[in-house]
Protein chains: 2
Amino acid sequence: MAAVKFSRQREAIKEFLYSRKDHPTAEVVYNNVVKEYPKISLGTVYRNLSFLVDKGEAITVPCSDGSVHFDCNLKPHYHFQCNECGKIADIEMDDADYEKKILDGARKHTDCGEITGHVTFFYGICDECKKKK
Amino acid sequence: MAAVKFSRQREAIKEFLYSRKDHPTAEVVYNNVVKEYPKISLGTVYRNLSFLVDKGEAITVPCSDGSVHFDCNLKPHYHFQCNECGKIADIEMDDADYEKKILDGARKHTDCGEITGHVTFFYGICDECKKKK
DNA sequence: AACAAAAACAATATTCATTATCAATATCTC
DNA sequence: GAGATATTGATAATGAATATTGTTTTTGTT
């Protein structure tokens with residue numbers, strides 16, 4: 001049961017997300033999709049973004065400032081956030097040993113249970129903000 | 001100006017925070033301090049926790065589930081969160097090269113600007129939750 | 001010790017992002 | 001195309017965090 005039906009709005013949301021390499025928030029997705037579907041509501045955007053996440057077609061990127069961004073890059077990767085403008089960029093670190101190194105390092109230093117994964121966030125200043133100074 | 005005055009409530013909040021090795025949320029702090037000061041308000045707890053953070057006597061631990069925890073462990077360290085119960089534990093990783101290794105690794109794979117720091121969160125299952133299964 | 005100014009308090013109101021509700025509409029199956 | 005049901009849009013509800021307001025405490029001064 002719970003058959004999934006097609007919806008233009010969902011398709012538009014998905015299309016927009018996949019057209020961008022940065023990682024928009026629900027708000028940003030709404031502000032763009034509303035141009036094509038002026039009557040779309042914010043709830044629909046949230047609902048469908050969650051839907052994509054549930055289906056495994058997107059992931060959420062929760063930032064330490066409390067904002068939640070959506071990311072259609074499904075390959076395991078890291079994120080960089082600019083302290084100035086808040087922009088997020090991907091860091092593709094395809095070194096196969098990297099994840100293992102980090103986890104093994106952590107496992108040595110704890111007895112709190114079983115470590116299965118980790119989330120790392122890098123911070124700094126992006127090129128654009130650097131130039132402004 | 002801006003002289004800091006003593007307050008029993010602030011002291012109680014601080015004392016509670018320092019008495020725990022896990023990392024309570026504002027809510028949890030409130031629920032415990034209210035036992036000693038039944039009339040204390042949630043606002044006071046938030047205000048004083050922020051105050052401690054501003055003074056550098058505590059740090060915030062923003063988790064990917066959106067919750068914000070408070071930590072009185074001032075030494076640089078990592079955190080582990082149990083996927084089952086949400087409990088947070090410290091991971092003391094005093095390997096001096098560790099931070100450098102991680103940052104250098106990331107710097108190799110990006111051109112997005114200057115990386116100045118990182119935040120890493122480990123996930124898994126804690127011993128207690130593991131035993132329950 | 002009493003006073004007044006400064007700071008902190010408790011309670012409440014407000015904000016903001018996200019989620020839930022529900023009648024109306026769009027999509028799918030036969 | 002008709003009936004069944006998933007999805008929408010609009011709005012209300014939620015919940016964490018912050019701001020506001022009027023009242024108490026605390027402190028320094030006389």
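**Figure 1. The order of helices and strands along chain A.** Reading this predicted model from the N terminus on, chain A goes α-α-α-β-β-β-β-α-β-α. That comes to five helices and five strands. The chain isn't packed into a ball: its radius of gyration is 18 Å, well over the 14 Å that the globule rule gives for 133 residues, so chain A is more spread out than a compact globule. Along its principal axes, the C-alpha trace spans about 55 × 50 × 25 Å.

**Figure 2. Chain A split into its two domains.** Domain 1 covers 7-72 and domain 2 covers 75-133 of chain A. On the contact between them, 11 residues come from domain 1 of chain A and eight residues from domain 2 of chain A. Taken over C-alpha atoms, the domain centres sit 23 Å apart.

**Figure 3. A close-up of where domain 1 meets domain 2 in chain A.** Together the two domains bury about 620 Å², with 56% of that on carbon and sulfur atoms. Which three residues do most of the burying on the domain 1 side? They're His23(A), Val61(A) and Cys63(A), which supply 48% of the area that domain 1 of chain A buries against domain 2 of chain A, more than any other three residues. If you're hunting for salt bridges across this interface, the rule finds zero. Polar contacts are there, though: five residue pairs between the two domains, both partners at pLDDT 80 or more. Strand E1 (59-62) and strand E2 (68-71) of chain A are the elements that give two or more residues to the domain 1 side. E1(A) gives the most, with three residues. By class, that side has four nonpolar, three polar and four charged residues.

**Figure 4. The interface of chain A and chain B.** Here 34 residues of chain A come into contact with 34 residues of chain B. The two chains bury about 2,600 Å² between them, and carbon and sulfur atoms give 60% of it. On the chain A side, His109(A), Cys112(A) and Glu114(A) lose the most area to chain B, together 20% of what that side buries. The rule also picks out 11 residue pairs in polar contact across the interface, both at pLDDT 80 or more. Which elements of chain A give two or more residues to this side? They are strand E4 (88-91), helix H4 (96-108), strand E5 (113-126) and helix H5 (127-131). E5(A) gives the most, with 14 residues. Sorted by class, the chain A side divides into 17 nonpolar, 11 polar and six charged residues.

**Figure 5. A salt bridge from chain A to chain B.** Side chains of opposite charge can pair when their charged atoms come close. Across the interface of chain A and chain B, the rule finds two salt bridges. In this close-up, the side chain of Lys130(A) meets that of Glu114(B) at 3.0 Å, N to O.

**Figure 6. A salt bridge within helix H4 of chain A.** How far apart are the side chains of Arg107(A) and Asp104(A), N to O? They meet in a salt bridge at 3.2 Å. The two are three residues apart in helix H4 of chain A, so about one helical turn separates them. For the wider picture, a search of the whole structure finds 12 salt bridges over all chains.

Definitions and conventions: Residues are numbered from 1 along each chain as its sequence is written. Chains are lettered from A and ligands numbered from 1 in the order in which they are written. This is a predicted model: local features need pLDDT of at least 70, side-chain atom pairs count only at pLDDT 80 or more; totals for chains, interfaces and linings use all residues. Side-chain values use heavy atoms; hydrogens and water are left out. Domain bounds come from an automatic or database domain assignment. Contact means heavy atoms within 4.5 Å. Buried area is the accessible area (1.4 Å probe) that two parts lose on being put together, summed over both. A salt bridge is a side-chain nitrogen of Lys or Arg within 4 Å of a carboxyl oxygen of Asp or Glu. A polar contact is a pair of N or O atoms within 3.5 Å; within protein, one must be able to donate a hydrogen and the other to accept it, and residues adjacent in sequence count only if both atoms are side-chain atoms. Helices (H or I, at least four residues) and strands (E, at least two) are DSSP runs, numbered from the N terminus. Ala, Val, Leu, Ile, Met, Phe, Trp, Tyr, Cys and Pro count as nonpolar, Asp, Glu, Lys and Arg as charged, and the others, Gly among them, as polar. The radius of gyration is taken over C-alpha atoms; the globule rule is 2.2 Å times the number of residues to the power 0.38.
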